[in-house]
Amino acid sequence: CSSGSKPRNFNEGENNIRFRVTDHSGNEMFREVKFFIDSKKPKIHKVDPKSGFANGVFRTQYTEDNLKRITLTYGNDIGGMISTNLTGCLSGEKQWCGKNVSLVNYNNQEIRYFFTVIDNAGNSVQSRIVKLDVDTQAPIIRNLNFTIEEEKVEFIINISEMNLDSVEYIDNSDIRPKWKRLCSTLKNEICKKQITLKEGTHNID
């Protein structure tokens, strides 16, 4: 025949195949081809963050022996969707890779994001879409006052923060200083709390 076609099964990974064609006189012609077999799709195990707030740091855990590219897509309908490739990601089992992006244009908005993992054979998988609120601004302490009455100290702190988690203090004069919660909510941007301290000098942050 002048041509032919027939399917064959080959091993996963790189294959180096040689073809030989002979005629009735024993003359031979050889041709070599190389190709890569990857029938397994990548797996995405986890994404981070998966709930709460986004500050610009996104990570994913994945399994892929022949990684080509990982893409992070994030944004919303207001500011638009952005896709960016991660760098330095390694092939292997349960690998972590991430990227830090600027979310300034999405501050105080809700965004959605997902990862796409692609292997060298063109197989791809997309993570689930996660929705998060964006908070890129640090809290602002506008004013801090305190009054002392014997061993009791009352703090009145004016704070500007839409998404307050906690207001904490640490007494550096303690034998074993540790952070303690002062407020978990604000009333009219004010954290007001009274604590009891031992006699002596106190250095508080």
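So, how many disulfides does a search of the whole structure find? There are 2 of them. Before I go on, keep in mind that this is a predicted model.

Quick reminder on the chemistry: a disulfide is a covalent bond between the sulfur atoms of two cysteines. Here, if you count the bonded cysteines along the chain, the pattern goes 1-2, 3-4.

Okay, the Cys89 and Cys97 pair. The distance from S to S is 1.9 Å, and the link is left-handed, with -75° about the S-S bond. Cys97 has 7% relative accessibility, so it counts as buried.

Then we have Cys183 bonded to Cys191, with the sulfur atoms 2.0 Å apart. This disulfide is right-handed, because the torsion about its S-S bond is about 80°. As for cover, Cys183 is buried at 8% relative accessibility, and Cys191 is buried too, at 0%.

Now, on to a sheet. It's an open one with 3 strands, in the order β3-β5-β8, and the pairing is antiparallel. β3, residues 43-48, and β8, residues 92-100, are the edge strands, so to speak: each pairs on one side only. From one strand to the next, the twist averages 20°. If you look at β3 with β5, which covers residues 57-64, you'll find 5 bridges between them. Val47 stands opposite Thr60 of β5.

Last stop, the surface. Ile141, Leu144, Phe146 and Ile148 make a nonpolar patch of about 430 Å². Phe146 sits in strand β12, residues 140-149. And is Phe146 buried, exposed or partly exposed? It counts as partly exposed, because its relative accessibility is 48%.

Methods: Residues are numbered from 1 along each chain as its sequence is written. This is a predicted model: local features need pLDDT of at least 70, side-chain atom pairs count only at pLDDT 80 or more; totals for chains, interfaces and linings use all residues. Side-chain values use heavy atoms; hydrogens and water are left out. Patches are made of residues with over 30% relative accessible area and no salt bridge: like charges are joined within 9 Å, nonpolar side chains (Val, Leu, Ile, Met, Phe, Trp, Tyr) within 5 Å. Accessible areas come from the Shrake-Rupley method with a 1.4 Å probe; for residues, only the protein chains shown count as cover. A salt bridge is a side-chain nitrogen of Lys or Arg within 4 Å of a carboxyl oxygen of Asp or Glu. Helices (H or I, at least four residues) and strands (E, at least two) are DSSP runs, numbered from the N terminus. Buried means under 20% relative accessible area, exposed over 50%, partly exposed in between (1.4 Å probe, protein chains only). Two strands pair if DSSP finds at least two bridges between them. Axes are lines fitted to C-alpha atoms, for helices over the stretch in contact, and angles run from 0 to 180 degrees between N-to-C directions. A disulfide is a pair of cysteine sulfur atoms within 2.5 Å.
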